[in-house]
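User: Could you take a close look at one part of this model for me, the surroundings of a single buried leucine, and show how that part fits into the rest of the chain? I would like one connected walk-through.

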Amino acid sequence: MNQHISHAAPTSAKSDLGATPDVDPDSWLARVTASRTASDAQLLGKALSLLVSSVPAGGQGARPDAIAHGLSIAQILHDLEVDAATVAVGLLTAEIKPTTVDGVKALLGDPVAELAANVERLRTITDVHVAP
């Protein structure tokens, strides 16, 4: 029995996983929220606003690609069809220090804040030792 496994690109409107979106944040938001509920769209809009406002003008004090990085991670999560809270945290994964877990909680609610706190905990793991 011979089976052929196709590696052709999907025909849906999804992006290539890991590809940096070459769009402005508003265009990305419009495309992603078209397939989501109004409350999901509102949550993602708030998260995107937090990302954009956290990057100082001219990229001073932040990674210059912080917005592109956040959009890329969020796009991957969106393509994997995860919930909006997870996509929102994906937007905030760029190393932007003014964004605190308390600030995320105040703006985006408990579920997103809990996920953001867990991501921050994972970042504190600096050494992983493998037993011989």
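Analyst: Read from one end of the sequence to the other, the protein chain of this predicted model follows the pattern α-α-α-α-α-α. In total there are 6 helices and 0 strands. Of the 132 residues, 33% count as buried. The chain exposes about 8,500 Å², and carbon and sulfur atoms supply 57% of that area. Among contacts with a separation of 6 or more, 65% are between residues 24 or more positions apart.

With that background, let's go to the leucine you asked about. Leu-44 is found in helix α2. Leu-44 counts as buried because its relative accessibility is 0%, and the cut-off for buried is under 20%. What does Leu-44 touch, leaving aside residues up to four places away in sequence? The list is Leu-29, Val-32, Thr-33, Arg-36, Ala-84, Val-87, Ala-88 and Leu-91. One of these partners, Thr-33, lies 11 residues from Leu-44 along the chain, and the C-alpha atoms of the two are separated by 7.8 Å.

Several of the other partners lead us to the packing of two helices. Helix α2 covers residues 38-54 and helix α4 covers residues 84-91; they pack at an angle of about 10°, with their axes 9 Å apart. Angles under 35 degrees count as roughly parallel, so α2 is roughly parallel to α4. On the α2 side, the contact is made by Asp-40, Leu-43, Leu-44, Ala-47, Leu-48 and Leu-51. On the α4 side, Ala-84, Ala-85, Val-87, Ala-88 and Leu-91 take part. Sorted by class, the residues of this contact are 10 nonpolar, no polar and 1 charged.

Val-32 and Thr-33, which Leu-44 also touches, belong to a second helix that is worth following. Helix α1 (residues 25-33) packs with helix α3 (residues 66-79) at an angle of about 10°, their axes being 11 Å apart. That angle makes α1 roughly parallel to α3. Here Pro-25, Trp-28, Arg-31 and Val-32 of α1 meet Ile-67, Leu-71, Ala-74, Gln-75 and His-78 of α3. The class count for this contact is 6 nonpolar, 2 polar and 1 charged residues.

How do these pieces join up? The largest nonpolar core has 24 residues, and those with the most contacts inside it are Trp-28, Leu-91, Val-104, Leu-108 and Val-112. Two or more residues of this core come from each of α1, α2, α3, α4, α5 (101-108) and α6 (110-123). In soluble globular proteins, nonpolar side chains tend to be buried together. Leu-91 is a handy link back to your leucine, as it is one of the residues that Leu-44 touches.

Finally, two loop residues round off the picture. Val-55 is found in the loop between α2 and α3, and with a relative accessible area of 16% it is buried. The C-alpha atoms of Val-55 and Ala-66 are separated by 7.3 Å, with their positions 11 residues apart along the chain. Glu-81, by contrast, sits in the loop between α3 and α4 and counts as exposed because its relative accessibility is 60%. For backbone geometry, Glu-81 has a phi near 60°, a positive value in a residue other than glycine.

Terms used:
Residues are numbered from 1 along each chain as its sequence is written. This is a predicted model: local features need pLDDT of at least 70, side-chain atom pairs count only at pLDDT 80 or more; totals for chains, interfaces and linings use all residues. Side-chain values use heavy atoms; hydrogens and water are left out. Axes are lines fitted to C-alpha atoms, for helices over the stretch in contact, and angles run from 0 to 180 degrees between N-to-C directions. Helices (H or I, at least four residues) and strands (E, at least two) are DSSP runs, numbered from the N terminus. Angles under 35 degrees count as roughly parallel, over 145 as roughly antiparallel, 65 to 115 as roughly perpendicular and the rest as oblique. Contact means heavy atoms within 4.5 Å. Ala, Val, Leu, Ile, Met, Phe, Trp, Tyr, Cys and Pro count as nonpolar, Asp, Glu, Lys and Arg as charged, and the others, Gly among them, as polar. Buried means under 20% relative accessible area, exposed over 50%, partly exposed in between (1.4 Å probe, protein chains only). Accessible areas come from the Shrake-Rupley method with a 1.4 Å probe; for residues, only the protein chains shown count as cover. A nonpolar core is a set of buried Ala, Val, Leu, Ile, Met, Phe, Trp, Tyr and Cys residues joined through side-chain atoms within 4.5 Å.
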